[in-house]
Amino acid sequence: MRKIILTFALVCGTLAFAQNESSGSVATSITTPGPITGETFRFGPGLVTQLDLGSGFGFTGDRWFSMGRLNTGSQIVYGMRFQLPNRAIITGFQDLNDANPRIQWIGASSFAGSDLEFRTANSFTSTTSTLVATMTDRGNTFFGNPLGTTTTKVGIDYGDVGSTRTGLTVENISGPNAYIAKGIFSRNNLGGYIKTGIDIQSITGSCYSNTGTSLRISDGYLNTGITASVTGSENGATLGVSATIAGPLGVTPTGFGAAIQGSASFSTNRYAGYFDGNVFTTGMYLPSDERLKTNIKDEKNALRKLKELDVVTYNFKGNKHLNLPSELQHGFVAQNLEEVFPELLTTITKPIFDENAKEVGSNEFKAVNYIGMISILTSSLQELDEKSTARIQQVEEEASIKIAQLTDKIDVLEAQIAALTGDEETSNSQDADTVGFSMEQNKPNPFTNQTVINYTIPRNTKATISVVDLSGKFVKD
């Protein structure tokens, strides 16, 4: 089985060279001057060959060398071939009309996995050299030592089926004196409707994990995974980072998905996302599951605390290090809020960089957790509702007592009016001459201060009503 690695727009094919034996006598001296000034030796058209081992110029067991021009019958090739048993390297042009030269490594199946190496050396007498690039028999290319840890390397590794697949691996290991080290730097100044610095597509069938770009950076004073600086047109859309996710066609996904995911430890001045400008979202969720919480207590005295806050309107000052809005704002002053709810405040220290991305200072300011104010405002509304409900009940009770008192007075006045006018309907009585004596139940019953008793007596008759308590003790006539 033959393994072929091509560079510089390599195409499939093999240079084959044969021996061109010398003819005629061999000169014992060189004509001076020669046909070309400085020329010491000249070959005629054809091949220069040397058989170092074996009986022929074969592939499997011979060791030989050839250089020059070969007419294969269908094409003319120019090149040089070094042949060892079952392996060879060829350089040259595959055809007279080819624009691109080639370097071609040929290996039998016994040499499967062998690589084509590019090395540099600084000595003519030593075999010690430095590996600067490697081309593998799978079509991968590595610059630097693909297995080393002390050199900068850029590699393309497609991997085997079932193994990790990496489209592009960039490792930049710089010395201690390197101020700025860039793994990949792309600058696209060409014209065109769509410009893409780096385009990575991961298209796969059934693969457990796909990663378009994977970055791991550490041990630096200023670490940046991805930096995007985009200057848009006057009326076109401009996106610094664009990310979308979707499920397979015709299938509703049920697994977790996030177009952009950020994570940071909850320590001082660490944020999963920092946005110096407006943020828009069509949805918002915050973790609030009871299973995630402990030490749960009811909010107390929220209304009293809210009265200590200064609610203000304001405009931001101009700040060249922060992209602050210029419109009128409504909110709180962080220093005032910190006195009442210090847990809703944090201090942010944002670094300041010069034009060479060197940190030259910092900008410190306080920020408010406005989301945390929602529960406090809710608790205050609940307190107001409880106080309002209690006050309403008190007013209702006081009104009920006053209504009862007024009702009693009305009943007494009605009885008095009935007695003065002799209104039979008001006194609920008939003609005293025919009815005689009668007395009705007092109203209201029971009563507090006053009650009314309707009665009937014949005309020109005197009568007495006596009042006693439940024990029969006389109270009043």
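A residue is termed buried when its relative accessible area is under 20%, exposed when this area is over 50%, and partly exposed in between, as computed with a 1.4 Å probe and protein chains only. The structure is a predicted model, in which local features need pLDDT of at least 70 and side-chain atom pairs count only at pLDDT 80 or more, whereas totals for chains, interfaces and linings use all residues. Residues are numbered from 1 along each chain as its sequence is written, and side-chain values use heavy atoms, with hydrogens and water left out. Helices (H or I, at least four residues) and strands (E, at least two) are DSSP runs, numbered from the N terminus.

Salt bridges were considered next. A salt bridge is a side-chain nitrogen of Lys or Arg within 4 Å of a carboxyl oxygen of Asp or Glu. The count by this rule is six salt bridges. One of them joins D276 and K350, with a distance of 2.9 Å from N to O. D276 lies in the loop between β11 (166-171) and α1 (302-306), while K350 belongs to strand β14 (residues 345-353), so this pair ties together parts that are 74 residues apart in sequence. The two partners are covered to differing classes: D276 is partly exposed at 29% relative accessibility, whereas K350 is buried at 19%.

A salt bridge also links the side chains of R63 and D52, at 2.6 Å from N to O. Because R63 is in strand β3 (residues 63-71) and D52 is in strand β2 (residues 47-53), the contact ties together parts that are eleven residues apart in sequence. R63 is partly exposed, with a relative accessible area of 31%, and D52 is likewise partly exposed, with a value of 46%. In a further salt bridge, between R119 and E117, the closest N and O atoms are 2.7 Å apart. R119 has a relative accessible area of 43% and is partly exposed; E117, at 41%, is also partly exposed.

The nonpolar interior was examined in terms of cores. A nonpolar core is a set of buried Ala, Val, Leu, Ile, Met, Phe, Trp, Tyr and Cys residues joined through side-chain atoms within 4.5 Å. The largest such core has twelve residues, namely A302, L306, L309, F332, A334, L337, V340, F341, L344, L345, M373 and I376. Helices α1, α2 (334-340) and α3 each supply at least two residues of this core, and α2 gives the most, with three residues.

Helix α3 (residues 373-421) has 49 residues. The expected span of a helix is 1.5 Å times one less than its number of residues. For α3 this gives 72 Å, and its end C-alpha atoms are 70 Å apart, which agrees. The buried residues of α3 are M373, I376, S379, S380, E383, D408, V412 and A418. An α-helix has 3.6 residues a turn, so residues three or four places apart point the same way.

Attention then turned to the strands. Two strands pair if DSSP finds at least two bridges between them. Strand β5 (residues 87-93) pairs with β6 in the antiparallel sense over six bridges, and I90 stands opposite Q104 in β6. Strand β6 (residues 102-107) is mostly covered, five of its six residues being buried. In strand β8 (residues 130-135) is found M135, which is buried at 11% relative accessibility. The C-alpha atoms of M135 and L116 are separated by 5.0 Å, although the two residues are 19 residues apart along the chain.

On the surface, M439, I453, Y455, I465, V467 and V475 make a nonpolar patch of about 520 Å². Patches are made of residues with over 30% relative accessible area and no salt bridge, like charges being joined within 9 Å and nonpolar side chains (Val, Leu, Ile, Met, Phe, Trp, Tyr) within 5 Å. Accessible areas come from the Shrake-Rupley method with a 1.4 Å probe, and for residues only the protein chains shown count as cover. Y455 is placed in strand β17 (residues 455-456) and is partly exposed at 46% relative accessibility.

Some backbone features were also noted. The peptide bond from K443 to P444 is cis, with omega near -10 degrees, and P444 is in the loop between β16 (438-439) and β17. Phi of N295 is near 55 degrees, a positive value in a residue other than glycine. N295 is in the loop between β11 and α1 and is exposed, with a relative accessible area of 60%. For N301, phi is near 55 degrees, again positive in a residue other than glycine. N301 lies in the loop between β11 and α1 and, at 43% relative accessibility, is partly exposed.
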